Amino acid sequence: MFRRILIANRGEIALRILRACREMGIETVCVYSEEDRGQSYLEQADRAICIGGPAPKDSYLRSDRIIAAAEIAGAEAIHPGYGFLAENAAFAEKCRAGNIEFIGPSAEAMRQLGDKAAARDLARKLKIQTVPGSDGVIDDDTEMLRIATQIGFPVMIKASAGGGGRGMRLVRERDDFADAVKQARQESQAAFNSSAVYLEKYIERPRHVEVQILGDTHGKVIHLGERDCSTQRRHQKLIEESPSPGIESRTRKDVCAAAVRLALAAKYSTAATVEFLVDAKGRYYFIEVNTRIQVEHPVTEMVTGVDLIKAQIKLAAGQPLEYTQRMITWHGHAIECRINAEDPEERFRPCAGVVSRFRAPGGPGVRVDSYAHDGCRISPKYDSLLAKVVVHQPTREAAVQSMARCLEEFIIEPLHTTRGFLREVMSHPDFVAGQIDTTFVERVFTRLASEPVRK
Amino acid sequence: MVDVEKIRQLIEMMVANDLVEISLRDGEEEVNLRRPQVVSTGTGMSVLPAPAQVSLVPPPPMTSAPALPLSSSAKHEDLIEIVSPMVGTFFSASDPESPPFVDVGRQVQPGTVLCILEAMKVFNEIKSEVSGIIERILAKNAQAVEYGQPLFLVRPV
């Protein structure tokens with residue numbers, strides 16, 4: 001087991017990893033940028049090392065400085081969290097070349113599953129249904145139009161190197177197609193330094209259903225069930241829950257089995273999430289794999305009782321999976337709400353500043369993951385996630401009631417947050433009935449659903 | 001010609017570290033920045049500090065913007081702090097047998113090698129970007145240093 005781990009991240013996930021390490025008796029080193037100097041979660045680390053300026057490209061994305069920090073601190077492994085360098089195969093290779101373990105999959109497995117087009121190819125080889133689309137990246141725009149016509153509109157243009165909803169365009173009419181391709185390529189080039197795009201059939205009102213898997217370095221993979229993350233806005237998840245309220249048990253079995261097969265084929269180890277879309281008829285389509293721990297991992301932790309961060313660390317240390325598939329059981333229902341420092345009334349514009357009052361809710365089955373507290377500074381330089389509220393109750397009905405109460409109880413002042421908006425969602429009849437799909441937020445909350453103001 | 005980018009970086013650093021005043025002299029150029037105190041309003045508004053006021057001493061053209069991060073220390077009013085531009089191990093000499101690159105009292109100018117910072121088996125020579133006399137050496141040989149950590153105090157000449 002590692003004696004000392006370096007945490008190459010910030011905010012709530014850094015704190016989450018710090019907590020897991022402390023409970024395992026592992027020493028911790030946390031990196032920080034000049035912008036994060038003085039953040040209180042750093043006090044939980046045995047050592048904190050400044051690695052650069054405020055901008056992520058000057059600090060949290062500086063793999064050279066992060067590895068140097070691990071060296072001088074004597075850390076044996078680096079946990080990348082999510083975002084930043086978590087899905088950077090070159091970074092994983094650099095760590096291991098420097099004799100530092102990267103808490104994540106091999107670079108090869110990361111490339112195999114992390115690249116969307118490559119993952120789709122593998123899925124198809126394994127006869128896992130993917131969304132009908134182009135067979136990989138298409139460079140010729142005339143060819144793209146031909147395939148789009150063949151698939152049938154509406155189609156989705158997607159960036160191969162992308163994520164987070166960027167480099168994506170939905171096209172309903174043939175006439176709009178040429179312009180949309182140009183825009184998608186430009187956006188992808190700017191965000192990911194690659195204009196490679198591919199096509200997918202657009203599925204109407206799908207559910208977003210994702211499967212959590214864990215794999216060891218001895219060839220075993222298990223799943224920990226699914227999460228339904230259909231409550232999204234502009235492809236950013238707002239609410240996640242487990243189990244999914246709107247899929248048949250047959251579908252659940254099938255997507256979980258497909259996820260395991262995919263991970264096995266890629267020789268994947270540590271944690272990953274396999275994403276699917278499920279249509280109204282219960283047909284499922286593989287979308288992509290996230291080769292990292294995810295923001296919404298607590299949802300699965302609550303219903304299974306498995307600590308995913310500790311599991312990641314043990315698996316990265318080479319230990320065999322301590323659970324067989326049979327040993328994983330599910331109890332009750334868990335819901336997570338992401339509270340962002342954003343103003344829903346101002347098109348979800350990110351808000352920065354100092355939190356003067358932070359009173360998290362409590363009570364039975366309530367968990368709050370947050371780095372914030374009274375006097376905490378929220379920087380405009382990083383993502384706006386302020387807190388994750390997770391509730392776990394015996395039934396979905398009880399979980400919804402509990403979450404509504406928690407969102408009312410939660411006090412975060414003076415910043416604008418999405419707390420009130422989420423509270424509204426919690427009372428909406430469609431959400432209460434579990435009848436949600438990825439168009440739910442934009443359809444129902446139309447006054448809030450206009451162009452996002454993203455940094 | 002005033003380097004607006006440098007001023008902007010200084011302002012960002014002041015805000016990030018909640019400093020009220022910064023004074024920086026680099027050769028013949030002097031920059032003084034002062035910020036009004038930030039007051040918590042307790043209203044429903046996002047609280048952000050007011051923009052800084054800038055006063056510049058009329059100047060000869062400045063030397064090129066340093067690659068080394070600028071220090072925010074207000075203690076050493078007349079001294080220049082040279083801080084680490086990277087994470088690594090500080091070495092005062094090129095090898096254990098050699099004498100240190102610089103001692104206290106040594107005159108340095110732009111290009112003078114001050115120390116070595118090592119990371120991942122790569123040894124980087126750190127060169128001075130200012131002219132002056134070494135007043136204090138703040139890091140010990142073989143000490144681990146982080147980004148922005150002060151290494152030398154230089155009295156400008």
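This is a walk through a predicted model with chains A and B, from domains and cores to the contact, a sheet and some local backbone features.

Start with chain A. Its domain assignment gives domain 1 (4-103), domain 2 (132-201) and domain 3 (207-448). The C-alpha centres of domain 2 and domain 3 of chain A lie 28 Å apart.

Next, the cores. The largest nonpolar core has 148 residues. Those with the most contacts inside this core are A:Leu6, A:Ala69 and A:Ile78. Another core lies apart from it, with 18 residues. Among them are A:Ile138, A:Val155, A:Val171 and A:Ala184. In soluble globular proteins, nonpolar side chains tend to be buried together.

Take A:Ile78 as a way into the largest core. Set aside its neighbours within four places in sequence. A:Ile78 is then in contact with A:Leu6 and A:Ala8, with A:Ile66 and A:Ala70, and with A:Cys95, A:Ile100, A:Phe102 and A:Ile103.

Now turn to where the chains meet. Chain B gives 22 residues to the contact, and chain A gives 24. On the side of chain B that touches chain A, α1 (4-16) and β5 (88-91) each supply at least two residues. By class, this side of chain B has 11 nonpolar, 9 polar and 2 charged residues.

Strand β5 of chain B also belongs to an open sheet. Four strands form this sheet, in the order β8-β7-β5-β10, and the pairing is antiparallel. Which strands stand at the edges? They are β8 (122-127) and β10 (143-145) of chain B. Each has a single partner strand, so one side of each is left without a neighbour in the sheet. From one strand to the next, the twist averages 35°.

Look closer at one pair in this sheet. Strand β7 (residues 113-119) of chain B is joined to β8(B) by 6 bridges, and the two run antiparallel. B:Ala119 has B:Val122 in β8(B) as its bridge partner.

Two cis peptide bonds in chain A deserve a look. One runs from A:Ser242 to A:Pro243, with omega near -5°. A:Pro243 is found in the loop between β11 (236-242) and α8 (249-265) of chain A. Another joins A:Glu413 and A:Pro414, where omega is about 0°. A:Pro414 has its place in the loop between β22 (411-413) and α12 (419-427) of chain A.

Positive phi comes next. A:Phe348 is not a glycine, yet its phi is about 60°. This residue is in the loop between β15 (342-343) and β16 (349-350) of chain A. Is A:Phe348 buried or exposed? A:Phe348 has 25 other C-beta atoms within 10 Å, so it is buried; the cut-off is 20 or more.

B:Ala142 is also not a glycine, and its phi is positive at about 70°. B:Ala142 lies in the loop between β9 (132-137) and β10 of chain B. B:Ala142 is exposed, because it has 11 other C-beta atoms within 10 Å and the limit for exposed is 12 or fewer.

Finish inside a helix. A:Val400 lies in α11 (residues 396-409) of chain A. It counts as buried because it has 23 C-beta neighbours inside 10 Å. Beyond its neighbours within four places in sequence, A:Val400 is in contact with A:Ile335, A:Met426 and A:Val432. The C-alpha atoms of A:Val400 and A:Ala334 are separated by 9.0 Å, with the two residues 66 residues apart along the chain.

Conventions:
Residues are numbered from 1 along each chain as its sequence is written. Chains are lettered from A and ligands numbered from 1 in the order in which they are written. This is a predicted model: local features need pLDDT of at least 70, side-chain atom pairs count only at pLDDT 80 or more; totals for chains, interfaces and linings use all residues. A nonpolar core is a set of buried Ala, Val, Leu, Ile, Met, Phe, Trp, Tyr and Cys residues joined through C-beta atoms within 7 Å. Two residues are in contact if their C-beta atoms, placed from the backbone, lie within 7 Å. Domain bounds come from an automatic or database domain assignment. Two strands pair if DSSP finds at least two bridges between them. Axes are lines fitted to C-alpha atoms, for helices over the stretch in contact, and angles run from 0 to 180 degrees between N-to-C directions. Ala, Val, Leu, Ile, Met, Phe, Trp, Tyr, Cys and Pro count as nonpolar, Asp, Glu, Lys and Arg as charged, and the others, Gly among them, as polar.
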